[in-house]
Amino acid sequence: VKVLMIAPPLLKRQNDETSIITVPPIGYGGIETVIHSLICGLIAIDCELTLIGVPGSHSNFGLKVIRDVRDAEGIRNWIINHRHEFDIIHDHSCGLIFNKSCNLDSRIPYIATHHKTGSPDYPRNTIFLSDAQWRQSGANDSPIIRIPVILDDYLYSEEKEDYYLYLGRVSGWKGVKEAAQFCQKLSAPLCVAGPSWEKEYFDDIVRHFAGTICYVGEVTGLKKIDLLSKAKGLFVLSRPVPGPWGEIWCEPGSTVVSEAAASGTPVISSTNGCLKEIVVPEIGMQLNEDEIRELDIGKIKSQLSNPSDAFNYASKNWNHITIAGQYLSLYKKIIAGSCL
Ligand code: UDP
């Protein structure tokens, strides 16, 4: 099957079009990591991939990257001109390229993965990452496909060091402050890795928890996989507060949960959004809102999951080849003329 994958041309630095985040990303980038894992899985099951929207990305066996269009309009026009070269278009741009005012000919096979909170801007054959994300969107019955992970890209370890980890955007809805409060009470260091665009929030927690937080900036490569593999636990305490797109934050899919599992690292999560569904006992533990408010450390001290259980669960349910297979069967349905 010939697939055209659309990635959103998201800038790392405003007004610098050469800073479009690549697939895979170098550092922060949940959507781009998901697209990369999916592309690798689809190539492994004999699909032919073309990627548009992220012109600085590497091409590869089975993958061609389109480099001469960089903005939404250029991407849209390119797709319209080349539509007959593909069996299906798979859109990850969350309404940036096609939306209610710029739609695509309804005869062209099209599928979209929704990566955000709220409802999709172009609701057509939409795949959601979790039941919670789907429910919040208000969409009719739709398929749910979990975030894929390339297990071999992580370092599995059963030997842990004496620190907890937060890995991601340093923002209020991700619950970094709550993770720091727990670690302060546990008298354990919290390594915080990731960029921050919420300066006030960032300065506040770094100042307030100076004795607990060790901020290492945005990480990539070996630094990232080392931090993940050696941490005693990964905190993902996502909060029900307004997120970057306005709606109350409802964790859509959580890439870091699958990365922690691939590293054999237990997850300590809230029950926000997808976390309630994916942080099963093999993966880690969930803290409810009362336990978070009361900073109840009892469970964390006594109940962390087993590294091999986490790895095996991810390997069985989220590995990129399995997830690619789930997408491929939906591609085939759509190509045959069905709607999801
Ligand atoms: N990430 C990274 N380096 C950092 C911080 C984050 O590589 O310093 C990656 C992290 O490993 C994950 C992604 O950025 O792959 C964040 O995706 P997630 O779905 O967890 O969060 P969101 O997209 O909602 O911010």
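Me: Hi! Looking at strand β7, are Tyr 164 and Leu 165 buried or exposed?

Reply: Hello! Keep in mind that this is a predicted model. Both residues are buried, and β7 (residues 164–167) is covered on both faces. Tyr 164 and Tyr 166 sit on one side, while Leu 165 and Leu 167 sit on the other.

Me: Which strand does β7 pair with, and in what sense?

Reply: The partner is β8 (residues 190–193), in the parallel sense, with four bridges between the two. Leu 165 has Cys 191 as its bridge partner, and Tyr 166 has Val 192.

Me: And which way do the residues of β8 point?

Reply: Leu 190 and Val 192 point one way, Cys 191 and Ala 193 the other way. All four of these β8 residues are buried.

Me: Nice. Switching to the six-stranded sheet: what's the strand order?

Reply: The order is β3-β2-β1-β4-β5-β6, in an open sheet with parallel pairing. β3 (63–65) and β6 stand at the edges; each has a single partner strand, so one side of each has no neighbour in the sheet.

Me: How many bridges join β4 to β5?

Reply: Three, and the two strands run parallel. As an example from this pair, Asp 91 has Ala 112 in β5 as its bridge partner.

Me: I'm curious about Thr 113. Where is that one found?

Reply: Thr 113 belongs to strand β5, which covers residues 110–113. Its relative accessible area is 2%, and since the cut-off for buried is under 20%, Thr 113 counts as buried.

Me: What do the side chains of His 90 and Tyr 327 do with Thr 113?

Reply: Each makes a polar contact with the Thr 113 side chain. The one with His 90 is 2.7 Å, and the one with Tyr 327 is 3.0 Å.

Me: Which other residues does Thr 113 touch?

Reply: Leaving out residues up to four places away in sequence, Thr 113 also touches Asp 91, His 92, Cys 94, Ile 127 and Leu 129, besides His 90 and Tyr 327.

Me: Tyr 327 is in α12, I see. Which residues of α12 are buried?

Reply: They are His 320, Ile 323, Ala 324, Tyr 327, Leu 328, Leu 330, Tyr 331 and Ile 334.

Me: Why would residues three or four places apart point the same way?

Reply: An α-helix has 3.6 residues a turn, so residues with that spacing end up pointing the same way.

Me: What covers the buried residues of α12?

Reply: Quite a mix of elements: the cover includes β1 (2–6), α1 (30–44), β4 (88–91), β5, β6 (126–127) and α11 (307–317).

Me: How far apart are the end C-alpha atoms of α12?

Reply: They are 22 Å apart. The helix has 16 residues (320–335), and at 1.5 Å a residue the expected span is 22 Å, so the two values agree.

Me: What happens at the start of α12, and what follows the helix?

Reply: At the start, a side-chain oxygen of Asn 319 comes within 2.9 Å of the backbone nitrogen of Ile 321. After the helix comes Gly 337, with a positive phi near 110 degrees.

Me: Last topic, the ligand. How many residues surround it, and which are the closest?

Reply: There are 19 around the ligand, and the closest are Tyr 28, Val 219, Lys 224, Thr 255 and Glu 259.

Me: How far are the polar side-chain atoms of Lys 174, Lys 224 and Thr 255 from a ligand oxygen?

Reply: For Lys 174 the distance is 2.9 Å. Lys 224 has a side-chain N or O atom 2.7 Å from a ligand oxygen, and for Thr 255 the distance is 2.7 Å.

Me: And how much of the ligand does the protein bury?

Reply: The protein buries 93% of the 540 Å² that the ligand exposes when taken alone.

Conventions
Residues are numbered from 1 along each chain as its sequence is written. This is a predicted model: local features need pLDDT of at least 70, side-chain atom pairs count only at pLDDT 80 or more; totals for chains, interfaces and linings use all residues. Side-chain values use heavy atoms; hydrogens and water are left out. Buried means under 20% relative accessible area, exposed over 50%, partly exposed in between (1.4 Å probe, protein chains only). A polar contact is a pair of N or O atoms within 3.5 Å; within protein, one must be able to donate a hydrogen and the other to accept it, and residues adjacent in sequence count only if both atoms are side-chain atoms. Contact means heavy atoms within 4.5 Å. The expected span of a helix is 1.5 Å times one less than its number of residues. A residue is near a molecule or strand if one of its heavy atoms lies within 4 Å of it. Accessible areas come from the Shrake-Rupley method with a 1.4 Å probe; for residues, only the protein chains shown count as cover. Two strands pair if DSSP finds at least two bridges between them.
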